[in-house]
Amino acid sequence: MMTPLNIRVFVDVVALLLGNSADGNIFLFDDSLCGGQGSGTAKLASPVWPGQLVRWSLTPLDVQAPAWLTGVSFDGNAPPAAGPPAPWAVRWEGHVPWWLAPGSRHVYRLTLVTSGLAGRTITIDGPSLLFMPPPAGQPIPPQASPPIWAVAQSAPTGG
């Protein structure tokens, strides 16, 4: 079984609410064994394999200005939310499609919401997944891929 890739999104919510750009205020990291390009920036390119599970989670840097992920979309395709998200209790996850070519990048958009009097929706464009060939010695049998990237929201499972 393939190890899931976890992408952590750290956000300086106060800086974004003050109108500052995502550059320098959004920090993405992944736990890939290959190491992501642009780690610690809003332009992270995470290496992934076909069929691999990818999980996104958000951590606001200021506990008095909470924020949470409300969506991850690829090519403008975002699945509908399954109801209003509970703050800090939503993680987005999905499987990498099987049909994408090795070496190609799949850019995505993160959507987050802040709370409080200045609450607003913020979108982060620029991070991507970088598709790698299957790992050596671990052949992955071809499987049919869903017509769009299947991303779901779920409550954390304790990790």
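Student: In which sense do E3 and strand E8 (residues 121–131) pair?
Tutor: This is a predicted model, in which local features need pLDDT of at least 70, side-chain atom pairs count only at pLDDT 80 or more, and totals for chains, interfaces and linings use all residues. Residues are numbered from 1 along each chain as its sequence is written, and side-chain values use heavy atoms, with hydrogens and water left out. Strands are DSSP runs (E, at least two residues) numbered from the N terminus, and two of them pair if DSSP finds at least two bridges between them. Between E3 and E8 there are four bridges, one residue of E3, Ala45, standing opposite Ser128 in E8, and the sense of the pairing is parallel.

Student: Which strands stand at the edges of the open sheet, and why is one side of each left without a neighbour?
Tutor: Four strands make up this open sheet, with mixed pairing and the order E3-E8-E7-E5. Because each edge strand has a single partner strand, one side of it lacks a neighbour in the sheet, and the two strands concerned are E3 (45–48) and E5 (67–74).

Student: Which residues of E1 point to one face and are buried?
Tutor: In a regular strand the side chains alternate between the two faces of the sheet. Along E1 such an alternation is found, with Asn6, Arg8 and Phe10 pointing to the face whose residues are not buried (buried meaning under 20% relative accessible area, exposed over 50%, partly exposed in between, with a 1.4 Å probe and protein chains only). Those pointing to the other face, which are buried, are Leu5, Ile7, Val9 and Val11.

Student: In E4, what is the bridge partner of Phe10?
Tutor: E1 has five bridges to E2, running antiparallel to it, whereas seven bridges join E1 to E4 in a parallel arrangement. In E4, the residue bridged to Phe10 is Thr59.

Student: Why is the pair of Phe10 and Phe29 classed as it is?
Tutor: Rings of Phe, Tyr and Trp (its six-membered ring) pair if their centres lie within 6.5 Å, planes under 30 degrees apart being stacked, over 60 edge-to-face and the rest tilted. Phe10 and Phe29 have ring centres 6.0 Å apart and planes at 70 degrees, so the pair is edge-to-face.

Student: Is Trp56 buried or exposed?
Tutor: Trp56 in strand E4 (residues 53–60) and Tyr108 in strand E7 (residues 105–114) lie 52 residues apart in the chain, yet they form an edge-to-face pair with 5.3 Å between centres. Tyr108 counts as buried at 1% relative accessibility. The relative accessibility of Trp56 is 0%, so Trp56 counts as buried.
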